[in-house]
Amino acid sequence: MFKVRRTLPSKARIMVGPFIFVDQFGPAHFDIGQGMDVRPHPHINLATVTYLFEGAIDHRDSLGTYATIRPGALNLMTAGKGIVHSERTPTMERASGSPISGMQTWLALPDGKEEIDPGFEHVAANDLPQIDDNGVTARIIMGSLWGRTAPTTQHAETIYADILMQAG
């Protein structure tokens, strides 16, 4: 079964910096022939960051963008004035069955930028800086951390990283 858990907002905290919603999906495994089918739907006045730990997702949008995201890469979709997109499991993964695990984070656009032109940006895993030090690995998804900066567009100052720590 495919579940989505929403960390933000909560009664105690409606936002953290520009983060409006933080949705975690999976870990899950799709059977052969199955997958995620988020049909075309609109967004306006915000941006979303999709980041995967396992699996793959095909993104299509009203700008004519088609991109497949895989683990360690990110998709930044800026809705601004408005965009329509869909997210689906790729055909190859459906044919064999596949895992899925990731996050989608919704970011508020700053005052005065809510109506900017929509856009889409895919940043490959190899283009995101990674730091390895003393049992800690950090992939910088957005912003700057420990002297390294991700190439990802920022509409508001943000630090967003995937950090793994070894036990102990």
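Which residue in β8 does His59 stand opposite? In this predicted model, the residue facing His59 is Glu87 of β8. Let's start with the strand pairings around that spot and then move along the chain.

## β5 and its two partners

Strand β5 covers residues 57-61, and four of its five residues are buried, so the rest of the structure largely encloses this strand. Buried here means under 20% relative accessible area.

On one hand, β5 pairs with strand β8 (residues 83-88) in the antiparallel sense, over four bridges. This is the pairing in which His59 sits opposite Glu87. On the other hand, β5 also pairs with strand β6 (residues 66-69), again antiparallel and over four bridges. There, Asp58 is found opposite Thr68 of β6.

## The β5-β6 hairpin

β5 and β6 make up a hairpin, with four residues lying between the two strands. Take a look at Gly64 in the turn: its phi is positive, at about 95 degrees.

## A three-stranded open sheet

Further along the chain there is an open sheet of three strands, ordered β11-β12-β15 and paired antiparallel. The edges belong to β11 (130-133) and β15 (160-165); each has a single partner strand, so one side of each is left without a neighbour in the sheet. From one strand to the next, the twist averages 15 degrees.

Within this sheet, β11 and strand β12 (residues 136-142) are joined in the antiparallel sense by four bridges. If you would like a residue pair to look for, try Ile131, whose bridge partner in β12 is Ala138.

Conventions: Residues numbered from 1 in each chain as written. Predicted model: local features only at pLDDT ≥ 70, side-chain atom pairs only at ≥ 80, totals over all residues. Heavy atoms only, no water. Pairing = 2+ DSSP bridges. Axes fitted to C-alpha atoms, helices over the stretch in contact; angles between N-to-C directions. Buried < 20%, exposed > 50% of the residue type's maximum accessible area, 1.4 Å probe, protein only.
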